[in-house]
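Me: I am new to this structure. Please take one strand for a close look, then show me how the rest of the chain fits around that view.

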Amino acid sequence: MRYCHEYRVSMSGALMFWILQGVCVDLSDTVMVLKVGSSLDLPVQYPIESVLSVQWIFNGKTFAEYSKDQSYTLLESQFRGRLKENNDRVGVTVQDLQPQDSGTFSVTAEGTETQLPTQTFKVYIQIPITSVQIEKTWRLSTNSCDVDVKCAALGAENVSYLWSGYKTGSGAQLQFSLSPAEGAVTLNCTAANNVSSSSARETLNCSSEHPGTETQISVLKLISSLVAASPYLLVTIILGVKCYRARGHHNGQYAMKVIEE
């Protein structure tokens with residue numbers, strides 16, 4: 001049976017929360033989002049005395065079995081070396097989860113009297129955010145600075161970004177103008193995915209002391225000075241060439257006179 005309803009997302013450790021958005025999933029399914037390196041417990045939710053045999057299946061392929069007579073059997077699979085048997089109750093644990101472990105896990109059990117309902121877990125493995133960086137680009141404008149900032153979460157996927165402080169917004173990039181009169185302002189970026197979150201802070205100041213602005217101002221001043229001085233510079237060069245030629249001609253005539261004498 002399928003029904004559109006809210007689904008449960010299980011975080012690493014004891015943290016669990018509900019995402020209230022409409023999606024269509026099987027009522028028997030549990031959707032779990034776990035971080036890389038964490039563990040996934042797959043217990044049988046029935047009394048041990050009522051269970052004859054169990055199969056643990058990943059994307060349609062059996063990777064572990066249990067029977068009352070033979071105990072656990074770990075089959076060849078991508079989880080080899082990362083499976084742990086649960087001796088206190090019937091169940092296995094997949095350790096050191098990796099992104100390729102995302103998929104559908106099923107636990108099928110046969111009871112002493114009848115076939116027990118199958119448990120299904122849709123599992124998504126995500127890389128946690130390790131650090132957040134804010135990159136900024138300054139462009140000099142009239143009496144202000146045009147600022148382009150970009151927030152980046154290193155190594156993570158499916159990340160959402162929120163800006164707070166001087167400006168608010170969502171998304172990885174933010175653009176705005178900042179005037180020198182506003183002084184130093186603080187901008188915060190929070191990056192988050194389903195398994196982690198992290199923040200970065202940057203202080204911005206639009207003034208001649210800002211390296212990027214100062215460099216731009218210096219370059220603009222140099223260009224402006226050259227443009228302004230170019231007519232005078234050209235006249236000076238022309239006069240200098242004429243003087244040089246005239247002096248050379250005069251020296252040549254003087255040399256000829258000395259030779260004649």
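**One strand with two faces**

Reply: Start with strand 16, residues 173–178, where the side chains alternate. Leu174, Phe176 and Leu178 point to one face, and these three are buried. Gln173, Gln175 and Ser177 point to the other face and are not buried. This pattern fits a general rule: in a regular strand the side chains alternate between the two faces of the sheet. Keep in mind that the model is predicted.

Now look sideways. Strand 16 is joined to strand 13, residues 144–153, by 6 bridges. The two strands run antiparallel. One place to see the match is Gln173 in strand 16, which stands opposite Lys150. Gln173 is on the face of strand 16 whose side chains are not buried.

Strand 13 also pairs with strand 12, residues 132–141. Here there are 10 bridges, and the strands again run antiparallel. Ile134 has Cys151 of strand 13 as its bridge partner. Strand 12 and strand 13 form a hairpin with 2 residues between the strands. In that hairpin, Asn143 takes a positive phi near 60°.

Next, move to another part of the chain and find the aromatic rings. How many aromatic pairs does the structure hold? There are 8. One of them is Phe58 with Phe79: the ring centres are 5.2 Å apart and the planes meet at 75°, so this pair is edge-to-face. The cut-off for that label is an angle over 60 degrees. Phe58 sits in strand 5, residues 51–58, and Phe79 sits in the loop between strand 7 (71–74) and strand 8 (83–85). The two are 21 residues apart, and their pair links distant parts of the chain. Phe58 and Phe79 are both buried.

Phe58 has another partner, Phe105. This pair is tilted, with 4.6 Å from centre to centre and 45° between the planes. Again the pair links distant parts of the chain: Phe58 is in strand 5, Phe105 is in strand 10, and 47 residues lie from one to the other. Phe105 is buried, as is Phe58. Add Phe63, and the picture is complete: Phe58, Phe63, Phe79 and Phe105 form one aromatic cluster.

Stay in strand 10, residues 103–111, and step along to Val107. Is Val107 buried or exposed? Val107 counts as buried, because its relative accessibility is 0%. Its contacts beyond four places in sequence include Val54, Gln55 and Trp56, as well as Pro117, Thr118, Gln119 and Phe121. Leu42 and Val44 are in contact with Val107 too. Pro43 is 64 residues from Val107 in sequence, yet their C-alpha atoms are 8.2 Å apart.

Compare two serines. Ser50 is in the loop between strand 4 (40–43) and strand 5. Ser50 counts as partly exposed because its relative accessible area is 22%. Beyond its neighbours up to four places away, Ser50 touches Glu110, Gly111, Thr112 and Leu116. Gly111 is 61 residues away in sequence, but 5.4 Å from Ser50 in space, C-alpha to C-alpha. A polar atom of the Ser50 side chain also lies 2.7 Å from the backbone oxygen of Pro47.

The other serine is Ser67, in strand 6, residues 61–67. Ser67 counts as buried, because its relative accessibility is 18% and the cut-off for buried is under 20%. Leaving out residues up to four places away, Ser67 touches Leu52 and Ser53.

Step back to the whole chain. The chain has 1 helix and 18 strands. Of its 261 residues, 32% are buried. Among contacts between residues at least 6 apart in sequence, 51% join residues at least 24 apart. The accessible surface comes to about 16,300 Å², and carbon and sulfur atoms account for 53% of that.

Finally, check the confidence. The mean pLDDT is 77, and 69% of residues reach 70 or more. Confidence is highest in strand 14, residues 160–165, at a mean of 96. Confidence is lowest in strand 2, residues 16–26, at a mean of 34. The pLDDT is below 50 over residues 1–27, a stretch with 52 contacts in the model beyond near neighbours in sequence. Residues 211–227 also stay under 50, with 11 contacts beyond four places in sequence.

Definitions and conventions: Residues numbered from 1 in each chain as written. Predicted model: local features only at pLDDT ≥ 70, side-chain atom pairs only at ≥ 80, totals over all residues. Heavy atoms only, no water. pLDDT = per-residue confidence, 0-100. Helix = DSSP H or I, 4+ residues; strand = E, 2+ residues; numbered from the N terminus. Contact = heavy atoms within 4.5 Å. Buried < 20%, exposed > 50% of the residue type's maximum accessible area, 1.4 Å probe, protein only. Phe/Tyr/Trp six-rings, centres within 6.5 Å; stacked < 30°, edge-to-face > 60°. Pairing = 2+ DSSP bridges. Polar contact = N/O pair within 3.5 Å; in protein donor to acceptor, adjacent residues only side chain to side chain. Areas by Shrake-Rupley, 256 points an atom, 1.4 Å probe, with all protein chains shown as cover.
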